Amino acid sequence: MGKETVDIYRVAMVGSMKYENRRKIKDFIFKVKKQYGDSAIILSSGGGRAPNLIAEGRGGIGAEGYVKKYALEFGLKYEEYPPCHYSWDINCPLKKENYGKPFSPVNFMKKNKQLAAKSSHIVMFIPRGVEWREEEHLRKYAKKFERKIIRIPVSYTHLPLPTKA
């Protein structure tokens, strides 16, 4: 399906902090840009800017840190839906008052629901053999909102592009 036939393509790209294959993420985002151009919007949850990582000087790491980096480098539209205990960021389309709340594990479930509701597809970058605790909730919401999921492990050699169903 070419970019001329798609109105808006909203792909959520999420993943494990242990996913370090920058090349797979960069290649996938490049393919999305090439195929969908200006109609593509990349969504993520800002996992690379978790408050504890920032405090430790490790911000921007993991799958979602790289998603943000490459989406912005390639000039794609980028939206961030972090848990509400994170601080607001210029890439967050929701209001500032939605952020800076007290920590609660429920915040992650709310964030996953937002991502599933706002996306057309969900791409997960998770290393083989790694159990990512948010995957179960994302799959539940993907099913609820009828979103297709693509899971890309580190050792994946072919990067499938999502297509409109």
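Colleague: Let's start with N91. Buried or exposed?

Modeller: N91 is buried, with a relative accessible area of 15%. Buried here means under 20%, so N91 makes the cut. Keep in mind that this is a predicted model.

Colleague: Where does N91 lie?

Modeller: N91 sits in the loop between β3 (77–80) and α4.

Colleague: And what is N91 in contact with, leaving aside its neighbours within four places in sequence?

Modeller: K68, L72, Y78, E79 and E80.

Colleague: New topic. Which residues of helix α5 are buried?

Modeller: Helix α5 covers residues 135–144, and its buried residues are E135, L138, Y141 and A142.

Colleague: How do those fall when seen down the axis of α5?

Modeller: They fall within an arc of 130°, so they line one face of the helix.

Colleague: Why would residues a few places apart point the same way?

Modeller: An α-helix has 3.6 residues a turn, so residues three or four places apart point the same way.

Colleague: What does the face of α5 turned away from the buried side carry?

Modeller: Exposed residues: E136, K143 and K144.

Colleague: And the buried residues of α5, what do they pack against?

Modeller: Four elements show up in that packing: β1 (9–15), α4 (106–118), β4 (121–125) and β5 (148–152).

Colleague: What about E146, just after α5?

Modeller: E146 takes a positive phi, about 55°.

Colleague: On to the rings. How many aromatic pairs does the structure hold?

Modeller: There are 5 aromatic pairs. Take Y9 and Y36: their ring centres are 4.0 Å apart and their planes are at 5°, so this pair is stacked.

Colleague: Which parts of the chain does the pair link?

Modeller: Distant ones. Y9 is in strand β1 and Y36 is in helix α1 (residues 22–36), with their positions 27 residues apart.

Colleague: Y9 and Y36, buried or exposed?

Modeller: Both Y9 and Y36 are buried.

Colleague: What about F28 and F125, stacked or edge-to-face?

Modeller: F28 and F125 form an edge-to-face pair, at 6.1 Å centre to centre and 85° between the planes. This pair also links distant parts of the chain: F28 belongs to helix α1 and F125 to strand β4, 97 residues apart.

Colleague: Are those two buried or exposed?

Modeller: F28 and F125 are both buried.

Colleague: Which residues form one aromatic cluster with F28 and F125?

Modeller: Y19 joins them, so to speak: Y19, F28 and F125 form one aromatic cluster.

How values were computed
Residues are numbered from 1 along each chain as its sequence is written. This is a predicted model: local features need pLDDT of at least 70, side-chain atom pairs count only at pLDDT 80 or more; totals for chains, interfaces and linings use all residues. Side-chain values use heavy atoms; hydrogens and water are left out. Buried means under 20% relative accessible area, exposed over 50%, partly exposed in between (1.4 Å probe, protein chains only). Helices (H or I, at least four residues) and strands (E, at least two) are DSSP runs, numbered from the N terminus. The arc is that of the directions from the helix axis to the C-beta atoms. Contact means heavy atoms within 4.5 Å. Rings of Phe, Tyr and Trp (its six-membered ring) pair if their centres lie within 6.5 Å; planes under 30 degrees apart count as stacked, over 60 as edge-to-face and the rest as tilted.
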